[in-house]
There are 2 protein chains.
Amino acid sequence: MRSDELAGAAGAAAERPPGDSKSERTRRRILDAAALVLRRKGYAGTRLSDIAKVAGMQAGSLYYHFSSREALVAEVMGTGVAVVQAQMQAALAALPPEASHRNRLAAAIEIHLIAVLEQSDYASATIKLLGQVPKDIQKQQLANERAYGKLWRQLLRDAREAGEIRGDLNLSAMRMMIVGALNWAVEWYHPEDGPAEQIARDFVEMVLHGLVPRR
Amino acid sequence: MRSDELAGAAGAAAERPPGDSKSERTRRRILDAAALVLRRKGYAGTRLSDIAKVAGMQAGSLYYHFSSREALVAEVMGTGVAVVQAQMQAALAALPPEASHRNRLAAAIEIHLIAVLEQSDYASATIKLLGQVPKDIQKQQLANERAYGKLWRQLLRDAREAGEIRGDLNLSAMRMMIVGALNWAVEWYHPEDGPAEQIARDFVEMVLHGLVPRR
DNA sequence: GTCTATAACCGGATAGAC
DNA sequence: GTCTATCCGGTTATAGAC
């Protein structure tokens, strides 16, 4: 489950050929296993032997496919951003051209939250790991995320220029607040809390209109 | 710096006598050092030797004051919630009795954000560590945080019952969204981003009124 | 490509001197 | 109370058989 994402869209996962050899598929199986375990146990709590077990092999065998634990983790994280970014771009492109900027913003919130809560272990693992990994990986990851951040900035800037959102608030504060609230959901969300779509709807409502009742 | 918080208000930090013996002060020095290092390096990245160095002693000496690494971390986290909760209660109590529920909510947002960004390494370390520590500590910590969560629920419920905030949104989604956005700030905030007060003002504005301009 | 075995390396924890 | 020295367990990483 949850392994239906396409790797290789950007970031650290970009250099591989698109082939589908046996080795290539094993490699993917390992990455999927790593994303799953990392998402659940975090960086400190994840042993290579845990990942190997889920992938159905011995810990030592991982080294045929990856040069180190760090390299494996870094690739999971690179894939994480790539997946969300790709889905977001696809979803935005699929909106009717007459969709308002507010609609586009709402769609972005929904996509990000669903990807992170339900769709991709890569995405949720990546968010969780951001504050846990060693400096080298972290730096690389921040570079990976630049394009994604740009997407959000664009969305907000366009909306503001069109007069669809307020002009008196700091754009980067807006972005940090929105994405922050979405990212933090990985810390508390359980499927019993209901479908991510419902939570996304409430979040959109709050982001756009706030808690104060319109009179 | 940043060591001006009062421990012992609640949670794991509660059993100690309020004394100020040499041993007591050393213990506090170690806790302060631990909070500082944990906040910066996270659970996985923090060595006992790092903490010892900051506290000005050898790693082995820590064991005179704490029974294990886990015990030390758990106490930092217990203090973290206690600090924020105490400050919040004090700030709310200091508001004029005629303050609106929305004002109280705004104050809560401000206090939480400032505590977490500028005032307390215990608070920021605690937030960062939540998703990183082993299950036993995590469980204990969730218990520690129950009272603090109750405070927020109360704040929102009162505001809703008074008709000061909308009745059509899930209360717990509101709480998760607000606190989540605040907590996530520890992941991105740097002092160059400006004073926490400014960020708090923008956050309050967004939470209360949303991004859509009032007509 | 994957296995088994083991090397090499920490880092937490303990013991005993001072 | 703190130091130095050391033990001990666990984990990454490597070597060589299959």
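This is a short talk on how two protein chains meet each other and two DNA strands in a predicted model.

Okay, hi everyone. Please keep in mind that we're looking at a prediction. I'll start with the two chains, then go to the DNA, and end with one residue in chain B.

So, chains A and B. The contact between them draws 39 residues from chain B and 40 residues from chain A. Putting the two together buries about 3900 Å², and carbon and sulfur atoms give 69% of that area. Which residues on the chain B side lose the most area to chain A? Those are B:M177, B:W184 and B:L211, and together they make up 21% of what that side buries.

What about charges and polar groups? There are two salt bridges between chain B and chain A. One you can look up is between the side chains of B:E205 and A:R166, at 3.0 Å from N to O. Polar contacts between the two chains come to 12 residue pairs, counting pairs where both residues have pLDDT 80 or more.

Let's see where the chain B side comes from. Helices α1 (22-45), α5 (101-119), α6, α8 (171-188) and α9 (196-209) of chain B each put in at least two residues. The largest share is from α8(B), with 11 residues. And if you sort that side of chain B by class, you get 22 nonpolar, eight polar and nine charged residues.

Now the DNA, beginning with strand C. There are 14 residues around DNA strand C, and the nearest are A:S23, A:Q58, A:S61, A:H65 and B:Y63. So which part of the strand is the protein touching? I'll put it in numbers: of the strand C atoms within 4 Å of the protein, 79% belong to sugar or phosphate, and the rest to bases.

Some phosphate contacts on strand C are worth pointing at. A polar side-chain atom of A:S61 sits 2.6 Å from a phosphate oxygen. For A:H65, a side-chain N or O atom is 2.7 Å from a phosphate oxygen, and for the side chain of A:S23 the distance is 3.5 Å. The elements giving two or more residues to this surface are α1 (22-45) and α3 (62-65) of chain A. By class, the surface near strand C holds four nonpolar, eight polar and two charged residues.

Over to strand D. Here 14 residues surround the DNA, and the closest are A:Y63, B:S23, B:Q58, B:S61 and B:H65. Of the strand D atoms within 4 Å of the protein, 79% are sugar or phosphate atoms. The side chain of B:S61 has an N or O atom 2.6 Å from a phosphate oxygen of strand D. Backbone atoms take part too: one N or O of B:Q58 lies 2.7 Å from a phosphate oxygen, and a polar backbone atom of A:R69 is 2.8 Å from one. In chain B, α1 and α3 (62-65) each supply at least two residues of this surface.

Last stop, B:V133. You'll find B:V133 in the loop between α6 (121-129) and α7 (135-161) of chain B. Is B:V133 buried or exposed? Its relative accessibility is 6%, so B:V133 counts as buried, the cut-off being under 20%. Beyond its neighbours within four places in sequence, B:V133 is in contact with B:Y43, B:V73, B:M77 and B:Q138.

That's what I have, thanks!

Definitions and conventions: Residues are numbered from 1 along each chain as its sequence is written. Chains are lettered from A and ligands numbered from 1 in the order in which they are written. This is a predicted model: local features need pLDDT of at least 70, side-chain atom pairs count only at pLDDT 80 or more; totals for chains, interfaces and linings use all residues. Side-chain values use heavy atoms; hydrogens and water are left out. Helices (H or I, at least four residues) and strands (E, at least two) are DSSP runs, numbered from the N terminus. Buried means under 20% relative accessible area, exposed over 50%, partly exposed in between (1.4 Å probe, protein chains only). Contact means heavy atoms within 4.5 Å. A residue is near a molecule or strand if one of its heavy atoms lies within 4 Å of it. A polar contact is a pair of N or O atoms within 3.5 Å; within protein, one must be able to donate a hydrogen and the other to accept it, and residues adjacent in sequence count only if both atoms are side-chain atoms. Ala, Val, Leu, Ile, Met, Phe, Trp, Tyr, Cys and Pro count as nonpolar, Asp, Glu, Lys and Arg as charged, and the others, Gly among them, as polar. Buried area is the accessible area (1.4 Å probe) that two parts lose on being put together, summed over both. A salt bridge is a side-chain nitrogen of Lys or Arg within 4 Å of a carboxyl oxygen of Asp or Glu.
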